Every structure is written in C-alpha cells, then in structure tokens.
Amino acid sequence: YVVAARAKPGTSSGAASDWIPVAQVCIVRPIHGEDKDGQLDDSVHTAVSYYCREIHHSACRASHSTFQSLPRNQVEYSVEPYSSFVKYVYEEVIEGKSSSGNFEENGASIAMTKSKARQVLGLDIGCKDPTLIKQTYKKLMFELHPDRFVNDQRTEEEIDLASKQFLSVKIAYEALTSGVRETHANGDTKSWYESLGGKSRTEFVGPIELISVEKAGALCNKAFKAAVAAIDPDVSMAFVARNQAAAKR
C-alpha cells in the first residue's frame, strides 16, 4: 500500500495542503478476500496507526521543509493499494500517461490524452472551465445515448458509430476531470490528488482515523506482519511542488 500525508484542514501549510505520497506499507496477512472499494482491511488501518511515527519520519525524509515543522498530530494520512497508486497517480503525474483508457478512432486504439479529450468534446484548445466541460459532456451524452436509437430508422453501422462516440465522450470526460483542483461554492477546495483517476479510482481511502498505538500494537505483528518502506523523495517532491504552485494562485 502507498500512504500519502497532508496537513489537517485549518493548518497553515501550503506545501502540504493536499496529499503527498510519503511511504509504503507492506503487509503479510492470511488470504481472506480483497478489500472492498472505499473500505480498508483492518490490518491496513492497524498498520498505518502503529507505524505512524515511522511514516511521519519517512515524510520528513522525503520533504524535510514540509513536514518537519508540522507536529505529528497535525498530519493526516490516506492509503491505497500500490497497484491503484501506480495506475492512477504515478503513471498520470510522473510519467504523463492517461489513466482514463484508450478509445477507438478509425479502427485504431488511441490513448485519451487531455488534448485529445478536448478535441473529442469539441472544446477549445486549453479549455479548463469545469462548468463548460460538464455541460458539453452532458449534451453529447444525451445526443449519443443508445436509448435514443430504439425504434429509430438508423443502419447498424450508424448505431455502431454512435455507440463508439458515446464511449469516447465518456472516456474524454473522465480524462478531463481527473486531476482537477476545484473550489466549491462554500469555499472548500476539492483535493486534486483525490480526483486523479476520476470515478475509476475506487480504492483510495482518506483521511483515515488512526487508532492508539497501544491498541494497534496489540494486533500488529500478531494477526499479521507489517513493515514501512520509503518512497523515492523525487516522487514526493513532485507533489510538494504542485501544492506550492496551487497555494500561490
């Protein structure tokens, strides 16, 4: 699992205002089924609680200036499986790949980049207006929805083309809404980090409520075994830099 950290709301820390991946938690446990979406296996919750000191130390090593000045009780944590982090966060932010998937165009499978997504939706180059993007998406989804073709005098080829366009519009919207930092009407800011991957990223959980070290220690390394490993500081610093840039806007 990958653990990310940020300052608790209300804490003055622009660099840690949004999640920063800081550590990995490795767990050996009996096989008893997969984690449910949006829910943590007890062993993960317990391990993060028990090793919160070590995770904070890893965070300080990754970005000393960001976390050293933050008291440990002012830091909160999130967690997700390593595979989810790589697909929806690392590959999109660090490697610049799209996590939204590919779509078919002229018989070829093409990656849905943000630039291509704007083209599919008929938006101007560089358009980042979330309201306009959403309105355009809803309009196209209505026009291309398969239910509209029931009893319609269209050929199979036309229906097949519309179905592919419908899927392309859906993938395009997911690409444009992944990794978007928004400010809601009440002033709250939507986490850019949490938005990565869009609705497909279902295994991210955070912030998690830590249990006491004493309670966690009674379970950790008894019902299961766990250890903490660091993350490449360069990866962490990429997110610190993004948070700092967002704080200056």
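User: I'm looking at strand S3. Is it buried or exposed, and how do I read that?

Analyst: Start with the count. In this predicted model, six of the six residues of S3 are buried, so the strand is largely enclosed by the rest of the structure. Next, split the strand by face. In a regular strand the side chains alternate between the two faces of the sheet. For S3, Val 75, Tyr 77 and Val 79 sit on one side, with Glu 76, Ser 78 and Glu 80 on the other, and both faces are covered.

User: Which residues of strand S1 point one way and which the other?

Analyst: Use the alternation idea again. Val 2, Ala 4 and Arg 6 point one way from S1, while Val 3, Ala 5 and Ala 7 point the other way, and all of them are buried. Six of the six residues of S1 (residues 2-7) are buried, so this strand too is largely enclosed by the rest of the structure.

User: What does S1 pair with, and how many bridges are there?

Analyst: The general idea comes before the case. Strands of a sheet pair through backbone hydrogen bonds, either parallel or antiparallel. Here S1 and S3 (residues 75-80) pair in the antiparallel sense over six bridges. Two places to click on: Arg 6 stands opposite Glu 76 in S3, and Ala 7 has Val 75 as its bridge partner there. With strand S2 (residues 20-28), S1 shares four bridges, and these two strands also run antiparallel. On that side, Val 2 has Gln 24 as its bridge partner.

User: In what order do the strands of the sheet come?

Analyst: Read across the strands by following who pairs with whom. Four strands form an open sheet in the order S3-S1-S2-S6, with antiparallel pairing. S3 and S6 (225-230) are the edge strands, each pairing on one side only. From one strand to the next, the twist averages 30°. Helix H4 (residues 82-94) packs on this sheet and touches S1, S2 and S3, with its direction at about 95° to that of S3.

User: Now the helices. At what angle do H1 and H2 pack?

Analyst: Two packed helices are described by the angle between their axes and the distance between the axes. For H1 (residues 42-50) and H2 (residues 52-62), the angle is about 65° and the axes are 5 Å apart. The two helices are therefore roughly perpendicular to each other. H1 brings Val 48, Ser 49 and Tyr 50 to the contact, and H2 brings Cys 52, Glu 54 and Ile 55. Sorted by class, the contact has four nonpolar, one polar and one charged residues.

User: Which residues of H1 are buried, and what covers them?

Analyst: A helix has its own spacing rule to keep in mind. An α-helix has 3.6 residues a turn, so residues three or four places apart point the same way. In H1 the buried residues are Ser 43, Val 44, Thr 46, Ala 47, Val 48 and Ser 49. Their cover includes S1, S2, H2, S3, H9 and S6.

User: Arg 201 caught my eye. Why does it count as buried, and what is it in contact with?

Analyst: Check the accessibility, then the partners. Arg 201 lies in the loop between helix H8 (192-195) and helix H9 (213-217). Buried means under 20% relative accessible area, so Arg 201, at 7%, counts as buried. Its side chain is joined to that of Glu 80 by a polar contact of 2.7 Å. A polar atom of the Arg 201 side chain also lies 3.3 Å from the backbone oxygen of Leu 196. Leaving aside neighbours within four places in sequence, the contacts of Arg 201 are Glu 80, Ser 84, Tyr 88, Val 89, Tyr 193, Glu 194 and Leu 196.

User: Where is Pro 207, and what is the peptide bond from Gly 206 like?

Analyst: Look at omega for the bond leading into the proline. The peptide bond from Gly 206 to Pro 207 is cis, with omega near -5°. Pro 207 is found in the loop between H8 and H9.

User: And for the protein chain, how many helices and strands are there?

Analyst: The chain has 10 helices and six strands. Of its 249 residues, 41% are buried. Among contacts between residues at least 6 apart in sequence, 69% join residues at least 24 apart.

Definitions and conventions: Residues numbered from 1 in each chain as written. Predicted model: local features only at pLDDT ≥ 70, side-chain atom pairs only at ≥ 80, totals over all residues. Heavy atoms only, no water. Axes fitted to C-alpha atoms, helices over the stretch in contact; angles between N-to-C directions. Parallel < 35°, antiparallel > 145°, perpendicular 65-115°, else oblique. Contact = heavy atoms within 4.5 Å. Nonpolar A, V, L, I, M, F, W, Y, C, P; charged D, E, K, R; others polar. Buried < 20%, exposed > 50% of the residue type's maximum accessible area, 1.4 Å probe, protein only. Polar contact = N/O pair within 3.5 Å; in protein donor to acceptor, adjacent residues only side chain to side chain. Pairing = 2+ DSSP bridges.
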